[in-house]
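Subject: Structure handover

Hello,

Here is the structure for you to look over. My notes follow below it.

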Amino acid sequence: PPLTFGEKESFRVAVASCWNRGALSSAAERVTVVVGFAMNRDGTPDAGSIRMLSASGGDDTATRTAFEAASRAIRRCGARGFDLPAEKFAHWQEVEIVFRASGPSFQ
């Protein structure tokens with residue numbers, strides 16, 4: 001079965017706890033970036049797979065700043081592995097998260 005709302009929300013909250021909006025410039029706060037990445041079976045993100053899928057709301061510098069902050073949040077909070085159900089690995093093997101100044105969310 002797919003991830004439940006509670007499982008997705010727990011994952012989102014974990015990433016949000018490392019989303020450092022204070023590091024964003026005022027221009028980067030207006031940017032929305034969609035970040036995709038692969039996960040390992042132990043719940044850690046594959047840092048080499050983190051990529052920006054799309055962005056809107058800012059120039060190249062602001063977009064890069066927002067993406068870098070999102071990437072740091074994923075790597076920092078995922079360093080010990082996210083608490084995800086191993087039996088549902090096929091549903092969280094590839095992840096897409098939308099990062100806005102207000103916080104991360106799933107599409």
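**Strand pairing**

Phe-37 has Val-95 in β3 as its bridge partner. Please keep in mind that this is a predicted model.

That pair belongs to a wider match. Strand β1 covers residues 32-38 and strand β3 covers residues 94-100. The two run antiparallel, and six bridges join them.

β3 has another partner. Strand β4, residues 103-106, pairs with β3 over four bridges, again in the antiparallel sense. Within this pairing, Val-98 stands opposite Ser-105 in β4. The link from β3 to β4 is a hairpin, and it passes through two residues.

One general point may help when you look at the strands. In a regular strand, side chains alternate between the two faces of the sheet.

**The disulfide**

How many disulfides are there? The count comes to one. Cys-18 is joined to Cys-77, with 1.8 Å from S to S. The link of Cys-18 and Cys-77 is right-handed, with 95° about the S-S bond.

What does the pair tie together? Cys-18 lies in the loop between α1 (5-16) and β1, while Cys-77 lies in helix α2 (residues 60-78), so the disulfide connects parts that are 59 residues apart in sequence.

Are these two cysteines buried or exposed? The cut-off for buried is under 20% relative accessible area. Cys-18 has 12% relative accessibility, so Cys-18 counts as buried. Cys-77 has a relative accessible area of 17%, so Cys-77 is buried too.

Best wishes

Methods
Residues are numbered from 1 along each chain as its sequence is written. This is a predicted model: local features need pLDDT of at least 70, side-chain atom pairs count only at pLDDT 80 or more; totals for chains, interfaces and linings use all residues. Side-chain values use heavy atoms; hydrogens and water are left out. Two strands pair if DSSP finds at least two bridges between them. A disulfide is a pair of cysteine sulfur atoms within 2.5 Å. Buried means under 20% relative accessible area, exposed over 50%, partly exposed in between (1.4 Å probe, protein chains only).
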